[in-house]
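Trainee: I have the structure open and want to go through the labels one by one. Please set each value against its rule before you conclude anything.

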Amino acid sequence: MKKHLRIIAVLLVTVMLLSMTACSGDGLGQRGDGKVTLKFTHMWPEHAQLMKELCQEYSAQNPNVVIKPAYVQYSKMEDTLKSAIVSGGLPDVFIFWSNAFYSFARDGYLANIDSFVEEEKDNYVNDGFSLEDGKVLGHYYAAPFRASGYCIVYNKTIFEKNGWSAPNTLEELETLCDTITTQTTLTPLAVYGTSSGTMMQVKSTFDAYIDIISGLATDPAYANGRQDVSSQPEMQQLYAASMEKYKSWYDKGFFTKSPTTKDNARKEFTNNNTAMIIFNNNNLGDLIKEIGGAFEVGLISFPAPKVIVESNGAMKNYTNGTFDSLFISKDTENYEEALKFVKYMMSDEVQQRWAEETTSVSLKKAVTYSSEEQTKVAQILSQIGSYPQKNDFTLTSAMSTKNYQMILNYLNGSGTETALQIVRNGFNNTKICVEEAGLEMVPVEELLDFSPEKYAWLK
């Protein structure tokens, strides 16, 4: 077991085990009546009833199997899994993110699902890329249950009233935000959260465009997040320019500044105080339900700079997201039964029901959507994974918070560091986490493109 996993897990084991037990309330791991019992942990308390029904229906169809569902808040899922490794093993089947499971597979905690992928790969959208995203060291481990990404939801009624059009490029989005702040009392974009919320989505997207335009996104080191740009002063300057652009949007009032929770940001949008909101697609159903027909909504992904749209017509946006996937523990005593349960959860029938009842976006080709909004979201989320990263190290919560605080201090003017200093400090913090994982930063091999005209949108 890797040292960093063990240390974190030992610290958290007691609290997290109590959390899992309290959530399940039915004795996870208990076996009786000679039946096979599978422990199944997911991270959606809001869908606990539907999960319970699906588990019961599966057991009704397979009387020799009892599924014991438990849920953990998604923000605690990773720590809970690490705690479970120390305390006795992962659940037989669990849900986690495809962009965060690398170390679990590498360290031998997951069972591969190669046979499932071989059977199902032609039934997934986008040439089964979501399945490929679950491949580590030659084997498949993740069965993508649903797509999870961020869209810009806009008030179509307000847009039509003011004669505004949905932006097709990043430059058009910036111009639109300028227009909204100068001609109305509205805030352009509702955001929420701290380091893991949508507050940082804009800057992360700016950085992603820099990675794409420069060519860094195709560098071998990019996939595992350990690309070392400490010897690339031009790259550091571009990230600093991204920070400065982000602050200019903040200073112009493009973002809601007071809401710190998802609920508060949603209220700002539904109360007609903002023209747009950056929102996770899996919460879209609740958002539309809350609006209740008071106004129409439209959806776009975060648009790309004009240079990308012109040079590559297929790449018109960047969707920040991942796949919520099913995994099987390597230590399960009932691998075949666990795999059968995974196949059931990934069946067209279950996926269709899940899409209808939760407004989720499935990765299965056969699933259809009854609403225009869901259909549009499915189209937007097809961009997820175009430039994948699966870090093989953990950027700790403490380090993530430290990075965020530096940026927040820069935005509100309470900090003393320049944008370039923050960029360099962020690199150093990443390097610390990489070294704690027993790994090294990887030099950039790709010849990067720093042509000034390609980054005019940053100026």
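Mentor: A helix here is a DSSP run of H or I with at least four residues, and a strand is a run of E with at least two, both numbered from the N terminus. Counted that way, the protein chain has 18 helices and 14 strands. Keep in mind that the model is predicted.

Trainee: What makes the place of threonine 169 a loop?

Mentor: Threonine 169 falls between two such runs, helix 7 (156–162) and helix 8 (170–183). Its relative accessible area is 9%, and buried means under 20%, so threonine 169 is buried. Its side chain reaches the backbone nitrogen of glutamate 172 at 3.1 Å.

Trainee: How do you know that glutamate 120 counts as buried?

Mentor: The relative accessibility of glutamate 120 is 18%, and the cut-off is under 20%, so the label holds. Glutamate 120 belongs to helix 5 (residues 114–120).

Trainee: Why is the pairing of glutamate 120 with lysine 364 called a polar contact?

Mentor: The two side chains are 3.5 Å apart. The rule asks for N or O atoms within 3.5 Å, with one able to donate a hydrogen and the other to accept it, so the pair is listed as a polar contact.

Trainee: Which label does aspartate 127 get, buried or exposed?

Mentor: Exposed: its relative accessible area is 79%, and exposed means over 50%. Aspartate 127 sits in the loop between helix 5 and helix 6 (129–132). Its phi is near 55°, a positive value in a residue other than glycine.

Trainee: And what is asparagine 272 called on that scale?

Mentor: Partly exposed, because 37% lies in between the two cut-offs of 20% and 50%. Asparagine 272 is in the loop between helix 11 (262–270) and strand 9. It also has a positive phi, about 65°, although it is not a glycine. A glycine with a positive phi is found just after helix 3 (residues 77–87): glycine 88, at about 155°.

Trainee: What makes strand 9 largely enclosed by the rest of the structure?

Mentor: Seven of the seven residues of strand 9 (residues 274–280) are buried, and that is why it is described so.

Trainee: How do you know which strands pair with strand 9?

Mentor: Pairing needs at least two bridges. Strand 6 (residues 143–155) is joined to strand 9 by five bridges, and these two run antiparallel. Within that pairing, tyrosine 154 has methionine 276 as its bridge partner. Strand 7 (residues 187–190) has three bridges to strand 9, and this pair runs parallel. Here threonine 187 stands opposite threonine 274. Five and three both meet the requirement, so both count as pairs.

Trainee: Which residues does valine 153 touch?

Mentor: Leaving aside neighbours within four places in sequence, its contacts include Ala275, Met276, Ile277 and Phe279, and also Leu284, Leu287 and Val297. Valine 153 is in strand 6 and is buried at 1% relative accessibility. Its C-alpha is 6.8 Å from that of phenylalanine 279, 126 residues away along the chain. For the protein chain, residues 24 or more positions apart account for 77% of the contacts with a separation of 6 or more.

Trainee: How many disulfides are there, and what makes a pair of cysteines one?

Mentor: Two cysteine sulfur atoms must lie within 2.5 Å. By this rule the count is zero. Among the cysteines, 151 is buried at 2%, as are cysteine 433 and cysteine 55, each also with 2%. Cysteine 55 lies in helix 2 (residues 48–61). Beyond its neighbours up to four places away, cysteine 55 touches Phe40, Ile67, Pro69 and Phe341.

Trainee: What makes helix 10 and helix 18 a contacting pair?

Mentor: The axes of helix 10 (residues 233–251) and helix 18 (residues 419–436) come within 8 Å and cross at roughly 120°. The residues making the contact include Gln236, Ala240 and Met243 of helix 10 and Leu420, Val423 and Phe427 of helix 18. Residues three or four places apart point the same way, because an α-helix has 3.6 residues a turn. The crossing is right-handed.

Conventions:
Residues numbered from 1 in each chain as written. Predicted model: local features only at pLDDT ≥ 70, side-chain atom pairs only at ≥ 80, totals over all residues. Heavy atoms only, no water. Buried < 20%, exposed > 50% of the residue type's maximum accessible area, 1.4 Å probe, protein only. Axes fitted to C-alpha atoms, helices over the stretch in contact; angles between N-to-C directions. Left-handed = near helix turned anticlockwise from the far one by under 90°. Contact = heavy atoms within 4.5 Å.
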